[in-house]
Structures are given as C-alpha cells and as structure tokens.
Amino acid sequence: MKPLAVLSMVLSLFVLAVPTFSQQSTQHAFLWTRASGMQDLGSLGGSSYAQTINSSGEVAGYFVTTLGDLHAFVWTASSGMQDIGTLGGTASVAFGINDAGQVSGWATTATGDVHAFLWTASGGMQDIGTLGGSSSQANAVNNNGAAAGDSLTTGDSIDHAFIRTAIGRMWDLGTLGGTNSYANALNIHNAVVGNSLTVTGDEHAFLWTKTTGMQDLGTLGGTSTAIGINALNAVVGFSVYSGGSPFHAFLWTQSGGMQDLGTVGASGANSDAFGINRFGQIAGYSYTDSSNSVYHAAIWGFNHKIQDIGTLGGQNSSALAINDLGQVVGDSDIQ
C-alpha cells in the first residue's frame, strides 16, 4: 500500500515500512523525468503527496488543507492541482489513477465512516462500499476499471483484501491462512498484490490471481509486503531481514523468486520499492546513511542498478510510482 506518514494520523488500517516525516518540514508532491529532473507540483494548502501517475502524466495524491484535513487531488500539466472532494465528510486520499483518469482512494462520509471511492471528472466521487464492515479503501485502479484495496469485514475486527470488478462486484480475496490481508496494487490482468498474515501470524507478500488464488511470495528472512506489480506479473515491495532489520526493496518474478534490490550504498541502510513499469523500471526510496536518518527518492533502471534522484531542496524524498515513459512521482521536503 501507499505511504501513510500523514494518513496514519487519521486512519490506521495497516502499517508499511515508510519514512517518518518530520513535523517541522513541509513536503511537496513532485514529478521527475530524466530530462527535466524533479518538478515541484505545489499544493492547495500545506504539504502535498503524489501517490500515482498514469501513462499521460496525470498525477493523483493528497494534500493537507489549511484546516489540517487531508484532501485527494488530481494534477495535470494543463490544469495544475485540483481538489476532488470527499464523500460528504472532511477527508479523502487518492492512491490510484488509470489511463482514463479514473481515480481510486478513500474518503470520509457524512457519518464519519471511511469508504473506498472511484472518481471521474464527469461523475465525481462514487462510494464503492465495503466487505460488510464500516471502513474500506481502494488502493489501485486498472485500465479495465477494476479496483483493489482492503476493507473491514462484518464485525469490524478483520481486514481482508478485495478486488472490485468493473461491473461493481466486490470479491473477498481471503488470506494466507491468518486473519488479515491487504491489497496494494493490481495490473491489467486483475492480478493483485499485497500482504497477508500467515497461519503462524507472520506477514508475507502475496500475489493473487483468479486461477491460482493467493500465492505466498516469501521473504528475505523476516516479513514482507508487496506494493507494486506490472503487466508481466513482476512484483516489487520490501522485506525485513531475519532479526528485524534492515528492510530492503525487492523484485519478485515467477522465474527468479525474490531478489534483494539493495540500497544506495550504506551498509545497514533501509530501502523500499513502490512501483514498477512494464519495462522493469522501479521507483522507491533508499536511506543514504547507515543510521537511517536521511532517505532519498530512487529508481532502479533496466539493470536494476539504483539511482538517487535527489530532493526538491530539502533533506528527504520518496518516489511512489513510475509510468511506462519513466516519469516518476512522489514527495520531497522543500526546505
């Protein structure tokens, strides 16, 4: 799933290995290209965070309003950043966008519940419901209009990953034998990735397809979470080593299994991968020092060699998604 550094103040459905942003710093969403470097996408209030990008360079994410609420946005080169509203409540966050401009995420309702949504420019924000519980969120939407995410089930004690088809049917994807599961991404073939508790209570990355069900992708020794997938079912995420540290970005393929993608060089540093395009280019971040105090947005190229892509002038940055043109989005300290 997507980084919840700010979102965790509002909702704690799950926890990822993401950097903890300084309360004193301001972050802005960015768009990076190899030709132009890192472009500040601005904000409609306080800090802003880009979560995803489609093949046309349209970006979705969220920003902090002047009142301190979170609001989902869509950004385009022609129109800039647009607040896409809520489901009647005070907050919303966008996590996914497809090539038709359809956006997925979560928003609060008038009664204060958190529900998954799909948004279009023509139709606005649509509540897509839950698996029977009071809360849900849609973390990705593909070009077929299918969405994936997670929801509390009836009784509000268990979260399960789901896929919602383009015709509106929501499927519970189950677990790897434990209680909870969370879906973080899906591809054009409706293959879903995420993380689930196993029967022993450990958290493992999974790949789900309609034909095979939920497959355990293993770990680098400890726990693991899958966050991104491309059209070829190549999966990225992070895994913790045995002993609890460090955690490293990984690439998983059916033929090669789980491969450690490493860091920018410091021994003992952490890294994470969030997105992978059809050509195998990967976006994420790596800590630059062994004390894990400074992290930078990073990309792994065709040879999976890591590249630090810098910041917007501040100390820290993180890359969240990459499209097939090699355009990268994320967020960075601006001072």
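This passage describes selected strands, sheets and side-chain contacts of a predicted model. Residues are numbered from 1 along each chain as its sequence is written, and side-chain values use heavy atoms, with hydrogens and water left out. Because the model is predicted, local features need pLDDT of at least 70 and side-chain atom pairs count only at pLDDT 80 or more, whereas totals for chains, interfaces and linings use all residues.

Strands are DSSP runs of E of at least two residues, numbered from the N terminus, and two strands are taken to pair if DSSP finds at least two bridges between them. One open sheet contains four strands in the order β19-β20-β21-β22, with antiparallel pairing. In this sheet β19 and β22 (257-262) occupy the edges; each has a single partner strand, so one side of each is left without a neighbour in the sheet. From one strand to the next the twist averages 30°, where axes are lines fitted to C-alpha atoms and angles run from 0 to 180 degrees between N-to-C directions. Five bridges connect β19 to strand β20 (residues 235-240) in the antiparallel sense, and Gly228 has Val236 of β20 as its bridge partner.

Ser224 lies in strand β19, which spans residues 224-229. Its relative accessibility is 1%, so Ser224 counts as buried; the term denotes under 20% relative accessible area, with exposed over 50% and partly exposed in between (1.4 Å probe, protein chains only). A polar atom of the Ser224 side chain lies 2.8 Å from the backbone nitrogen of Ala205. Residues up to four places away in sequence being left aside, the contacts of Ser224 (heavy atoms within 4.5 Å) include Asn195, Glu203, His204, Ala205, Phe238 and Met258.

Strand β5 (residues 70-76) is mostly covered, with seven of its seven residues buried. In a regular strand the side chains alternate between the two faces of the sheet. Both faces of β5 are covered: Leu70, Ala72, Val74 and Thr76 are buried on one side, and His71, Phe73 and Trp75 on the other. Strand β4 (residues 59-64) runs antiparallel to β5 and is joined to it by six bridges, in which Gly61 is partnered by Phe73 of β5. These two strands, β4 and β5, form a hairpin with five residues between them, and Gly68 in the turn has a positive phi of about 90°. On pairing with strand β6 (residues 80-83), β5 is again antiparallel, over four bridges; here Trp75 has Met81 of β6 as its bridge partner. A hairpin with three residues between the strands is formed by β5 and β6.

A further open sheet has four strands in the order β2-β1-β28-β27, and its pairing is antiparallel. The edges are held by β2 (37-40) and β27 (317-322), each with a single partner strand, so one side of each is left without a neighbour in the sheet. The twist in this sheet averages 30° from one strand to the next. Strand β1 (residues 27-33) pairs with β2 in the antiparallel sense over four bridges, and Trp32 stands opposite Met38 in β2.

Six aromatic pairs are found in a search of the whole structure. Rings of Phe, Tyr and Trp (its six-membered ring) pair if their centres lie within 6.5 Å; planes under 30 degrees apart count as stacked, over 60 as edge-to-face and the rest as tilted. Phe274, Tyr285, Tyr287 and Tyr295 are linked into a cluster by ring pairs. In addition, the charged end of Arg169 sits over the ring of Trp171, 4.0 Å from its centre; this arrangement requires NZ of Lys or CZ of Arg within 6 Å of the ring centre and within 35 degrees of the ring normal.

Key. Polar contact = N/O pair within 3.5 Å; in protein donor to acceptor, adjacent residues only side chain to side chain.
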